[in-house]
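Colleague: I am new to this structure and would like a close look at a single part of it. Could you take me through the part you choose, step by step, and then place it within the whole?

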Amino acid sequence: MECPICGSESITTLKSKKISSKKKEIKELLLKCNECESVFKDSMSVDKPISIRLIISEYESSKKTSIDICPNENLAKDNILLSEVGEVEITSLETKDGRRAQNALARDVSTIWANSMEVPSRVGISVDLTGKVDSFKVEVERDFEFAADDFVKIAEYVIRINVIKTEERKTRDGFAKAKITQRVYGKPVKFNNYDYDLTDKIVSRKEAVDKR
Ligand SMILES: [Zn+2]
């Protein structure tokens with residue numbers, strides 16, 4: 001915005017009035033130039049935010065809510081949105097013509113699917129007991145890192161991680177953040193030193209089921 005008399009961009013707003021129509025919000029401004037002191041009027045129009053259905057998953061359950069977004073905003077998988085229940089990460093979009101999309105303009109979107117960033121990640125830990133598996137679910141911070149060859153204390157075991165399974169791959173020599181890790185596999189070792197203890201992070205345990 002610039003002064004229509006002298007072209008200066010140093011402007012003070014004296015008055016501002018909002019007028020709302022169905023789709024637009026118009027701001028009528030009374031402005032004063034700081035250079036030549038002329039007083040003039042201007043108006044700005046912005047698209048009104050629209051309400052989009054938002055489905056947030058938290059582990060096995062999901063929560064339905066909605067979120068207000070500007071119609072011209074581009075939405076994409078992995079974008080972070082601030083919802084009424086905190087930060088969420090977009091996992092998928094459904095457009096008004098019923099397609100699933102990785103990105104779309106907000107005005108074309110009917111539903112946003114997202115994961116909550118506010119809850120810890122749930123990761124499975126499988127302890128390989130040679131022929132049997134002792135299986136745990138633990139809850140850890142989303143940014144917690146599991147690495148191959150970590151020594152981990154869990155319940156009565158100290159295990160050495162040999163495989164990390166993420167949403168996309170299995171690794172025997174890398175590492176992965178908890179938020180993308182589905183399951184960690186390890187074998188018990190015979191000594192008592194470990195890198196970290198997950199015992200108090202256990203939320204469930206399925207003991208010694210037969211391996212198939
Ligand atoms: Zn001026």
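Modeller: Please keep in mind from the start that this is a predicted model. The part I have chosen is the open sheet of three strands, which follow one another in the order β1-β2-β3 with antiparallel pairing. Its edge strands are β1, residues 11-20, and β3, each of which pairs on one side only, and from one strand to the next the twist averages 25°. As general background, the strands of a sheet pair through backbone hydrogen bonds, and this can happen in a parallel or an antiparallel way.

Let us begin on the side of β1, where nine bridges join this strand to β2 and the two run antiparallel. A residue to look for here is Lys-17, which stands opposite Glu-28 in β2.

On the other side, β2, which covers residues 24-33, pairs with β3 over nine bridges, again in the antiparallel sense. If you would like a pair to find in the picture, take Ile-26, whose bridge partner in β3 is Ser-45. The strands β2 and β3 form a hairpin, with five residues between them, and in the turn Glu-37 has a positive phi of about 65°.

How many buried residues does β3 have among its nine residues? The count is zero, and so β3, which spans residues 39-47, is hardly covered; here a residue is called buried if 20 or more other C-beta atoms lie within 10 Å of its own. For the protein chain as a whole, buried residues make up 14% of the 212 residues.

To place the sheet in its setting, note that the protein chain is divided into domain 1 (11-47), domain 2 (50-116) and domain 3 (121-202). The centres of domain 2 and domain 3, taken over C-alpha atoms, are separated by 31 Å. Across the protein chain there are 21 strands and zero helices. The radius of gyration of the protein chain is 27 Å, well over the 17 Å that the globule rule gives for 212 residues, so the chain is more spread out than a compact globule. Taken along the principal axes, the box filled by its C-alpha atoms is roughly 85 × 40 × 25 Å. Finally, among contacts in the protein chain between residues at least 6 apart in sequence, 54% join residues at least 24 apart.

Key: Residues are numbered from 1 along each chain as its sequence is written. This is a predicted model: local features need pLDDT of at least 70, side-chain atom pairs count only at pLDDT 80 or more; totals for chains, interfaces and linings use all residues. Helices (H or I, at least four residues) and strands (E, at least two) are DSSP runs, numbered from the N terminus. The radius of gyration is taken over C-alpha atoms; the globule rule is 2.2 Å times the number of residues to the power 0.38. A residue is buried if 20 or more other C-beta atoms lie within 10 Å of its own, exposed if 12 or fewer, and partly exposed in between; C-beta atoms are placed from the backbone. Two residues are in contact if their C-beta atoms, placed from the backbone, lie within 7 Å. Domain bounds come from an automatic or database domain assignment. Two strands pair if DSSP finds at least two bridges between them. Axes are lines fitted to C-alpha atoms, for helices over the stretch in contact, and angles run from 0 to 180 degrees between N-to-C directions.
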